[in-house]
Amino acid sequence: MKNKSVFLISAVATLYFNNVYGQETIQDSTRTASIDQVVITGNSNPKKKIESSTAISTFSAKEIQKQNPISAAALLQRVPGFAVETSGGEVGNNLFARGIPSAGAYEFVQVQEDGLPVFEDGALQFANADNFFRVDNSVSRLEALRGGSGSIYATNSPGGLINFITKEGGNDFKGTAKLETSTYGLMRTDVNVGGALVQDKLFFNVGGFYRTDDGIRKTGFKANNGGQVRMNVKYVFDKGYAKIYYKKLNDRNTFFLPIPLVQNGNDLKGFSGFDPNYGTYSYRNISQLNIPQAGGGFFKRNLEDGIHPKVDVLGAEFKYDLGNNISVINKTRYTDINMNYTGIFPSGGPQTAAGFAGGLGITGNNYQYSLVNSGAIVNPAYVQKLGFWAIDKQMNNFVNDLQFNYKLEKGNITAGFYKSNWKSHQYWNWSNILTTATDRPELLNLVDTSLNPTDVGYSKTYNGVTDMTFLQRDTQTQGSLNDLYVNLDYNITDALSVNAGIRYSHDFYKGNFANTTTSNLNNSGLTTDGTHDFTTTTADDSMSVLGNKFTYWNYNIDRVSYTLATNYKINKENAVYARFSNGFRSPNEEAYYNYFSNPNQDQPLKSVLTNQLEIGYKYYSRTFDVAVIPFYSTLKNLSFTDIFSDGTSENTFANTQNYGVELEGYARLLNNVVEVTFNGTIQNPKYKNLESGSLLEGNTVRRMPKFYFNISPAVNITKSWRAYVSMNYYGKRFQDELNVQTLPSFSEVGAGMSYQLGKIRFAIDGTNIFNTIGITEGDPRAGSPTDDGIIMARPIMGAAARASITLDF
């Protein structure tokens, strides 16, 4: 590992010393001066950042290009208040806003494209919002809002809004083309072009990417393969504009889950036979599943398909000036998603060969392991039970946001009606397999040598499968949202402004799920190996079978969200603001399933209620920016719905309290030679009134660091050469509510360099160059943690480097 780190550092240094005397050309600034930046997210009209009473971070296309994030989640690490777990790979990652705990995904924020949701609910089961979005050169900028007015301008978003704004064409024909490769077999191309079809009237933009790579963690197959295309056409007329757009995403990504590590307090090291930086259980040797079903037929699955969404989006936007200071804007979009999701989810940690066999009732040394692919008898020190989880989801979402704006002499009033209908139909088929506890695992069979091959229960596996289709689900969830909102912006003086907003949500949720029974293959007439029937194995003893009876449910919400804020502009460069907001998050998909499949629960199903208070100071100038935003938040009725490895799910409720400070800064020093960007969060999220017992009162919220930050200094060596270093620090956390298992703090360091030759940009970017072992989560599916010793955890990716050439034309 150290050799790879040294190689990456040497590569960056060599690029510098070989080219330091290269041609000097004018290079774009890394950051557009915030004093000139205008934001639209969480505001009724475009507004300068310094005049907006919100906590909002912005990133231009050039800034995104120079950060060159490996995923959308990696980019969002640069936003204070957002604790982001990036260890899942390119997609399927988790984001926690201002210390709000959840089972993962993007549960308390909404991810948007051009002001409308990527999908209405960003935390449906196995449907994290970043599964359906990719960052490429068609992105014009990112605006990331925390708390504040998020609950007024979107649903289920008290934690904030993440708005990716796409490029549009102008009168001048412009384009960008990029080629990229890496140390892990990456081949990627990005293209974006835009211009005018009719000068001053009709404009177009088309962009997208295609990428294939082997993955930083070694899977033995193409870990990521696919791409997307986006296009829009905009017609501008005297009193407004009309725009239509389309997006097609067809991408396949491997999802990485916990692997075994050895922990001793704050010290982490690799488990024997496992590379913590590059190893994974998601490997070619165990990629195929083909098992008979109790209801007839076979279920086949290929792990190489990974998370594979096929997304089609068709949308339109229309704005018109009605006169008399009234304008109308309407945004509408239809999204259709067909996703196959296949992943390896560990079922507990590694076990000794004897211990695992004993757990299945094999006494003494009467056990024998063999490799499935060859039949060779082996004696592994440790074995691993793994969940082979397959999920199919068909999802669609129609959304329309109609908004009227009335311009006052000193402000404006916005009133809107938001309508969204969405549906998610999913099918699960989960099995457990048995493998060696190593990266590049091998499938194992296990038999009881005290029995004869024809005896009942002789074998504990079927071609390496220990539990054949132990869980099936066929569920459907639908949402119908009907929301009215009003927002007032008013300038009391040139310096002092107020903002007030209210949203009334009249939302309906309903669904159904198939009831299940258990069965086996004993009387199916099938054989396990061409000779013996299924009475000789225990692998089929508890197979799940979908019934022909369904449970139907519905749940309605009538709730008001509101916010009140004031902003005082001290002078051109300084401003302070204060905001209070009240919002909510409707129960998530697993909460509905859990509640209505167990109707005798004592705890009623409730929305999560949030209150937030924030007070901010902002200073923006041409060379220096700083934002300091203390905040306080409380949550009530927070539900925990982790799905355990046996298919059951947690159903615990709590209240939480958090206070903290978000910091964000930028400095351009020494006549623009040195640039430094910084963001950080200090917080103290605690449980209050946790249902599980008073012993947890005051414990730190699980998976939440009290301190995390990113700092990235850069040096403009010449007008053409630029080098940077970045460091992400993630503070100590606890995996569980009991605060038993510690997730140690870690720092991840990246570095890179770019050279601008006219309109061509050459760059190299290294990530985790010191091969740090940093874990973002333990194993939330394993139940009670064990603290030190052999643990299951999900580490960040090992050291890697990417090289790119970009042409602007």
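Which residue in β22 does Ile-307 stand opposite? That residue is Tyr-341, and the close-up views below start from this spot in a predicted model.

**View 1. Strands β21 and β22 lie side by side as an antiparallel pair.**
Here you can follow β22, residues 326-346, along its partner β21, with 16 bridges between the two strands. The pairing of Ile-307 with Tyr-341 is one place to look. Two residues separate the strands, which form a hairpin. In the turn, look for Asn-324, whose phi is positive at about 55 degrees.

**View 2. Strand β21 also pairs with β16.**
Turning to another partner of β21 (residues 307-323), we meet β16, which spans residues 240-253. These strands are antiparallel too, and 12 bridges connect them. To find your bearings, pick out Leu-249, which has Val-311 of β21 opposite it.

**View 3. Strand β26 is paired with β22, β23 and β27.**
Begin with β22 and β26 (residues 382-408), an antiparallel pair held by 21 bridges. Within this pair, Lys-331 has Asp-401 in β26 as its bridge partner. Strand β23, made up of residues 351-352, joins β26 through two bridges, again in the antiparallel sense. Gln-351 is the residue to look for here, since it faces Val-383 in β26.
Next comes β27, residues 411-436, which runs antiparallel to β26 and shares 26 bridges with it. Leu-386 finds its bridge partner in β27, namely Ile-433. With two residues between them, β26 and β27 make a hairpin.

**View 4. Five strands make up an open sheet with mixed pairing.**
Reading across the sheet, the order is β3-β10-β11-β6-β7. Strands β3 (55-60) and β7 (116-117) are at the edges; each has a single partner strand, so one side of each has no neighbour in the sheet. Further in, β6 (residues 109-113) and β11 (residues 160-166) are paired in the parallel sense over five bridges. One residue to spot is Gln-112, whose bridge partner in β11 is Asn-163.

**View 5. Residues 49-160 carry a UniProt annotation.**
The record, an unreviewed entry, labels this stretch "domain: TonB-dependent receptor plug". In the model, residues 49-160 are 14% helix and 30% strand. The C-alpha atoms at the two ends of the stretch are 16 Å apart.

**View 6. Thr-681 sits in strand β36.**
Strand β36 covers residues 674-683. Is Thr-681 buried or exposed? Its relative accessibility is 0%, so Thr-681 counts as buried. A polar atom of its side chain lies 2.7 Å from the backbone nitrogen of Gly-81. Leaving aside residues up to four places away in sequence, Thr-681 touches several others, including Pro-80, Val-661, Glu-662 and Phe-707.

**View 7. Phe-299 and Tyr-427 form an aromatic pair.**
The count of aromatic pairs in the model comes to 40. In this one, the ring centres are 6.5 Å apart and the planes meet at 65 degrees, so the pair is edge-to-face. Phe-299 belongs to β20 (residues 298-302) and Tyr-427 to β27, so the pair ties together parts that are 128 residues apart in sequence. Phe-299 counts as buried because its relative accessibility is 11%, while Tyr-427, at 23%, counts as partly exposed.

**View 8. Tyr-462 and Phe-534 form a tilted ring pair.**
The centres of these rings are 5.3 Å apart and their planes are at 45 degrees, so the pair is classed as tilted. Both residues come from loops: Tyr-462 from the one between β28 (444-448) and β29 (465-491), and Phe-534 from the one between β30 (496-519) and β31 (543-569). The pair links distant parts of the chain, 72 residues apart. Tyr-462 is buried, with a relative accessible area of 9%, and Phe-534 is buried as well, at 0% relative accessibility.

**View 9. Ring pairs link several aromatic residues into a cluster.**
The cluster brings together Phe-119, Trp-422, Tyr-509, Trp-553, Tyr-555, Tyr-592, Tyr-595 and Phe-596.

**View 10. Lys-234 and Arg-473 each lie over the face of a tyrosine ring.**
For Lys-234 the ring is that of Tyr-241, and the distance to the ring centre is 4.2 Å. Arg-473 lies over the face of Tyr-593, at 3.6 Å from the ring centre.

Terms used. Residues are numbered from 1 along each chain as its sequence is written. This is a predicted model: local features need pLDDT of at least 70, side-chain atom pairs count only at pLDDT 80 or more; totals for chains, interfaces and linings use all residues. Side-chain values use heavy atoms; hydrogens and water are left out. Two strands pair if DSSP finds at least two bridges between them. Helices (H or I, at least four residues) and strands (E, at least two) are DSSP runs, numbered from the N terminus. Buried means under 20% relative accessible area, exposed over 50%, partly exposed in between (1.4 Å probe, protein chains only). A polar contact is a pair of N or O atoms within 3.5 Å; within protein, one must be able to donate a hydrogen and the other to accept it, and residues adjacent in sequence count only if both atoms are side-chain atoms. Contact means heavy atoms within 4.5 Å. UniProt positions are given in the numbering used here, feature names are shortened, and annotations may be inferred rather than shown by experiment. Rings of Phe, Tyr and Trp (its six-membered ring) pair if their centres lie within 6.5 Å; planes under 30 degrees apart count as stacked, over 60 as edge-to-face and the rest as tilted. A charge sits over a ring if NZ of Lys or CZ of Arg is within 6 Å of the ring centre and within 35 degrees of the ring normal.
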